[in-house]
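Student: Please take a close look at one aromatic residue and its partner ring. Then carry on to the other side-chain contacts and the sheet.

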Amino acid sequence: MSRSLVAVIFWIFASSAHSATYYVGKNGSDSHPCSLISNSNTPKLTIGAALNCIGSTPEAGTGHIVEVGAGTYTEAIHNNLPSGSSWAQPFILRAQDGDRVVIKASNEANLFLAGTQKMYAIVEGFIFAGSNLRGGGPGGETAGSVTVV
């Protein structure tokens, strides 16, 4: 077996081994260890706690999904949205299909992104109540982009 074939097989295995869906729900607990929240029966209680399980280092969110169950989440997503490595492998934060999921931060933007690193993330299916979306890097520009669906 050639070295390049072995390298490709290893890359495919390594890429798929690190992809996961994590769950957030009003029946959850932020005390659940990150290793348990890939099971929909043991979700985190807050979106921020689930995002912290993935981390915010460049490309930490590659292939990962955080799925949020019905309810109103009184928290902000403030510079802690993970990024994927490309639009082919973005990070996805989504409301559970058919659920009404509201993000309502108190006295701040619901979704705030700033910085200069490229961002490949999709935010899908949420209702943002309040001051909504804000972002920008030095001078107000944004680096990369986030798709809000």
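Tutor: Y120 is buried in this predicted model. Its relative accessible area is 19%, and the cut-off for buried is under 20%. That is why Y120 counts as buried and not as partly exposed.

Now the partner. A search of the whole structure finds two aromatic pairs. In one of them, W87 and Y120 meet edge-to-face. Their centres are 5.5 Å apart, with 85° between the planes. The planes count as edge-to-face because the angle is over 60 degrees. This contact links distant parts of the chain. W87 sits in the loop between β4 (77-78) and β5 (91-95). Y120 belongs to strand β8, residues 120-124. The two residues are 33 apart in sequence. W87 is partly exposed, at 39% relative accessibility, whereas Y120 is buried.

The other pair is F126 with F128. Here the rings are tilted, with 40° between the planes. The centre-to-centre distance is 6.2 Å. F126 is buried, with a relative accessible area of 11%. F128 is partly exposed, at 21%.

Another ring has a charge over it. The charged end of K26 sits over the ring of Y73. It is 4.3 Å from the ring centre.

Take the loop before β8 next. Q117 lies there, between β7 (111-113) and β8. Q117 is partly exposed, with a relative accessible area of 37%. Q117 and E59 are 58 residues apart in sequence. In space, their C-alpha atoms are 9.9 Å apart.

Now the sheet. Three strands form an open sheet in the order β3-β6-β9, and the pairing is parallel. β3 (71-73) and β9 (126-128) stand at its edges. Each edge strand has a single partner strand, so one side of each is left without a neighbour in the sheet. Neighbouring strands are turned by 25° against each other on average, direction ignored. Look closer at β3 and strand β6, residues 101-103. Three bridges join these two parallel strands. G71 stands opposite V101 in β6.

Next, the charged pair. The structure holds one salt bridge. The side chains of E67 and R94 meet in it, at 2.9 Å from N to O. E67 lies in strand β2 (residues 65-68) and R94 in strand β5, so the salt bridge ties together parts that are 27 residues apart in sequence. E67 counts as buried, at 12% relative accessibility. R94 counts as partly exposed, at 25%.

Last, the covalent link. There is one disulfide in the structure. It joins C34 to C53, with 2.0 Å from S to S. The link of C34 and C53 is left-handed, with -80° about the S-S bond. C34 lies in the loop between β1 (21-24) and α2 (47-54), and C53 in helix α2, so the disulfide ties together parts that are 19 residues apart in sequence. C34 is partly exposed, with a relative accessible area of 34%.

Back to the starting point. Y120 is in strand β8, and its ring partner W87 is in the loop between β4 and β5. The pair is edge-to-face, with Y120 buried and W87 partly exposed.

Definitions and conventions:
Residues are numbered from 1 along each chain as its sequence is written. This is a predicted model: local features need pLDDT of at least 70, side-chain atom pairs count only at pLDDT 80 or more; totals for chains, interfaces and linings use all residues. Side-chain values use heavy atoms; hydrogens and water are left out. Rings of Phe, Tyr and Trp (its six-membered ring) pair if their centres lie within 6.5 Å; planes under 30 degrees apart count as stacked, over 60 as edge-to-face and the rest as tilted. Helices (H or I, at least four residues) and strands (E, at least two) are DSSP runs, numbered from the N terminus. Buried means under 20% relative accessible area, exposed over 50%, partly exposed in between (1.4 Å probe, protein chains only). A charge sits over a ring if NZ of Lys or CZ of Arg is within 6 Å of the ring centre and within 35 degrees of the ring normal. A disulfide is a pair of cysteine sulfur atoms within 2.5 Å. A salt bridge is a side-chain nitrogen of Lys or Arg within 4 Å of a carboxyl oxygen of Asp or Glu. Two strands pair if DSSP finds at least two bridges between them. Axes are lines fitted to C-alpha atoms, for helices over the stretch in contact, and angles run from 0 to 180 degrees between N-to-C directions.
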